[in-house]
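Here are some notes to go with the structure you asked about. Keep it open while you read, and go through the points in any order you like.

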Amino acid sequence: MGEFLNTIERYRRPDLGHLEWETTIDDPGAYTKPFTLQGHSILQTDTDLIEYICQENNKDVIHIHGKDPYNSLSKQ
């Protein structure tokens, strides 16, 4: 399992307050074609960094992603 996995991560900081990321997963042993995940973060000053925990089998993904124009799930 995973012997064909190729992961490409790209990070871009267009300005001081924004970070954009893109991850491409290519694993012909597990998926029929490569897919890409995208996201972004905004700098929040005067706050504490809070731990993020990914919950497996999440059934409410639409509400987590919100209206991110890069997310194909938000267009459904």
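**Notes on the model**

1. Let's start with one glycine: G39 is buried, because its relative accessible area is 9% and anything under 20% counts as buried. This is a predicted model, by the way, so please read everything below with that in mind. G39 sits in strand β3. Its C-alpha atom is 8.6 Å from that of L19, although the two residues are 20 apart along the chain.

2. Now the overall layout. The chain has three strands and one helix, and from the N terminus the elements come in the order β-β-β-α. How much of the chain is buried? Of its 76 residues, 11% count as buried, and G39, with its 9% relative accessible area, is a buried residue.

3. On to the sheet. The three strands form an open sheet in the order β1-β2-β3, and the pairing is antiparallel. Which strands are at the edges? Those are β1 and β3 (35-42), each of which pairs on one side only. From one strand to the next, the twist averages 15°. As a general reminder for when you look at side chains, those in a regular strand alternate between the two faces of the sheet.

4. The β1 and β2 pairing is easy to follow by eye. Strand β1 covers residues 6-15 and strand β2 covers residues 18-26, and eight bridges hold them in an antiparallel pair. A hairpin of two residues takes the chain from β1 into β2. If you want landmarks, find I8, which stands opposite T24 in β2. Another one is Y11, whose bridge partner in β2 is W21.

5. The other side of β2 works along similar lines of inspection. How many bridges join β2 to β3? There are eight, with the two strands running antiparallel. Two landmarks help here too: L19 has S41 as its bridge partner in β3, and I25 stands opposite F35 in β3. For that second pair, the C-alpha atoms of F35 and I25 are 5.5 Å apart, with their positions ten residues apart along the chain.

6. F35 deserves a second look. This residue belongs to strand β3, and it also takes part in an aromatic contact. The structure holds one aromatic pair. What kind of pair do Y31 and F35 make? It is edge-to-face, because the ring planes are at 80° and planes over 60 degrees apart are classed that way. The ring centres are 5.0 Å apart, which counts as a pair because the limit is 6.5 Å.

7. Are those two aromatic residues buried or exposed? Neither label fits: Y31 is partly exposed at 41% relative accessible area, and F35 is partly exposed too, at 29%. Both get that label because the class lies between the 20% and 50% cut-offs.

8. One loop residue you may want to click on is D46. You will find D46 in the loop between β3 and α1 (61-65). Its phi is near 60°, a positive value in a residue that is not glycine. For context, most residues other than glycine have a negative phi. D46 is exposed, with a relative accessible area of 83%.

9. Last, a pocket. In general, rolling a probe the size of a water molecule over the atoms shows where empty space is left. The second largest pocket has a volume of about 240 Å³. Which residues line the second largest pocket? They are S41, I42, L43, Q44, T47, D48, L49 and I50. By class, that lining has four nonpolar, three polar and one charged residues. You have already met S41 above, as the bridge partner of L19.

Methods:
Residues numbered from 1 in each chain as written. Predicted model: local features only at pLDDT ≥ 70, side-chain atom pairs only at ≥ 80, totals over all residues. Heavy atoms only, no water. Pairing = 2+ DSSP bridges. Helix = DSSP H or I, 4+ residues; strand = E, 2+ residues; numbered from the N terminus. Axes fitted to C-alpha atoms, helices over the stretch in contact; angles between N-to-C directions. Phe/Tyr/Trp six-rings, centres within 6.5 Å; stacked < 30°, edge-to-face > 60°. Buried < 20%, exposed > 50% of the residue type's maximum accessible area, 1.4 Å probe, protein only. 1 Å grid on protein atoms, 1.4 Å probe; cavity = no way out; pocket = protein on both sides within 12 Å on 5 of 7 lines; lining within 4 Å. Points joined across faces, edges and corners; volume = space filled by probe spheres on them. Nonpolar A, V, L, I, M, F, W, Y, C, P; charged D, E, K, R; others polar.
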